Amino acid sequence: MRAVVQRVSHASVVVEGRTVGAIDQPGLMVLVGVTHSDTPAEARKLAAKLWGLRILDGEKSCSDIGAPLLVISQFTLYGDTRKGRRPTWQAAAPGPVAEPLVQAVIDELRALGAHVETGSFGAEMKVSLLNDGPITLVIDL
């Protein structure tokens with residue numbers, strides 16, 4: 001699994017003109033990509049990593065201060081641009097594989113006590129955020 005994590009002051013995701021997920025206080029906006037070999041165990045590990053990641057103000061984590069997370073599926077994180085000018089998506093898991101694993105990350109975060117907002121899997125989404133810091137990390141499991 002791969003995640004791009006941004007510390008944000010606020011963030012939202014809109015699908016077809018309707019806000020489907022938003023956090024209006026400091027927290028994390030997380031793009032999650034899944035590849036073919038990923039497992040539910042890796043989804044649980046990623047959730048634990050996100051919940052405990054100490055990148056909020058004062059080196060706090062979401063678990064320390066109850067900060068929210070906006071989690072959005074993002075197959076393009078596994079785009080390969082090494083050849084030519086057009087990315088290939090072969091490393092990205094297909095929807096039937098990826099969707100339950102992204103949902104497993106969300107479910108595990110909620111089980112840990114997190115307030116989690118989400119995008120809509122497979123939808124054309126408009127994501128808005130105010131990156132705080134700026135802090136952006138790539139997490140590969």
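Helices and strands are named here as DSSP runs, numbered from the N terminus, with at least four residues for a helix (H or I) and at least two for a strand (E). On that basis P94 lies in the loop between strand 4 and helix 3. The model is predicted.

**Nonpolar cores**

The largest nonpolar core has 29 residues, and the members that touch the most other members are V5, V30, L50, L69 and L109. At least two residues of this core come from each of strand 1 (2-15), strand 3 (27-33), helix 1 (40-52), strand 4 (69-73) and helix 3 (95-111). Helix 3 gives the largest share, six residues.

L69 shows how these parts of the chain meet. Leaving aside residues up to four places away in sequence, L69 touches I23, L28, V30, L50, W51, C62, L109, A114, H115, V116 and E117. A second core, separate from the one above, has 12 residues, and V8, I23, L77 and M125 are among them.

**Helix 1 against helix 3**

Two packed helices are described by the angle between their axes and the distance between the axes. For helix 1 and helix 3, the axes come within 8 Å and cross at roughly 45°. The two helices are therefore oblique to each other, since an angle counts as roughly parallel under 35 degrees and as roughly perpendicular from 65 to 115. The crossing of helix 1 past helix 3 is right-handed.

On the helix 1 side, the contact is made by P40, A43, R44, L46, A47, L50 and W51. On the helix 3 side, L101, A104, V105, E108 and L109 take part. Sorted by class, this contact contains 10 nonpolar residues, two charged residues and no polar ones. L50 and L109 belong to this contact and also appear among the core members that touch the most others.

**Backbone features**

Which residues does the cis peptide bond join? The bond joins G133 and P134, with omega at about -5°. P134 is placed in strand 6 (residues 125-140).

E16 has a phi near 50°, a positive value in a residue other than glycine. E16 is found in the loop between strand 1 and strand 2 (18-23). E59 also is not a glycine and has a positive phi, about 55°. The loop that holds E59 runs between helix 1 and helix 2 (62-65).

**Accessibility of four residues**

Are E16 and E59 buried or exposed? E16 is exposed, and so is E59, because exposed means over 50% relative accessible area. P40 and P94 fall between the cut-offs of 20% and 50% and therefore count as partly exposed. The values are listed below.

| Residue | Place | Relative accessible area | Class |
|---|---|---|---|
| E16 | loop between strand 1 and strand 2 | 81% | exposed |
| E59 | loop between helix 1 and helix 2 | 54% | exposed |
| P40 | helix 1 | 47% | partly exposed |
| P94 | loop between strand 4 and helix 3 | 40% | partly exposed |

**Two distances across the chain**

P40 and H115 are 75 residues apart along the chain, and their C-alpha atoms are separated by 20 Å. P94 and V34 are 60 residues apart in sequence, with a C-alpha to C-alpha distance of 8.6 Å.

Definitions and conventions:
Residues numbered from 1 in each chain as written. Predicted model: local features only at pLDDT ≥ 70, side-chain atom pairs only at ≥ 80, totals over all residues. Heavy atoms only, no water. Core = buried A, V, L, I, M, F, W, Y, C linked by side-chain atoms within 4.5 Å. Buried < 20%, exposed > 50% of the residue type's maximum accessible area, 1.4 Å probe, protein only. Contact = heavy atoms within 4.5 Å. Axes fitted to C-alpha atoms, helices over the stretch in contact; angles between N-to-C directions. Parallel < 35°, antiparallel > 145°, perpendicular 65-115°, else oblique. Left-handed = near helix turned anticlockwise from the far one by under 90°. Nonpolar A, V, L, I, M, F, W, Y, C, P; charged D, E, K, R; others polar.
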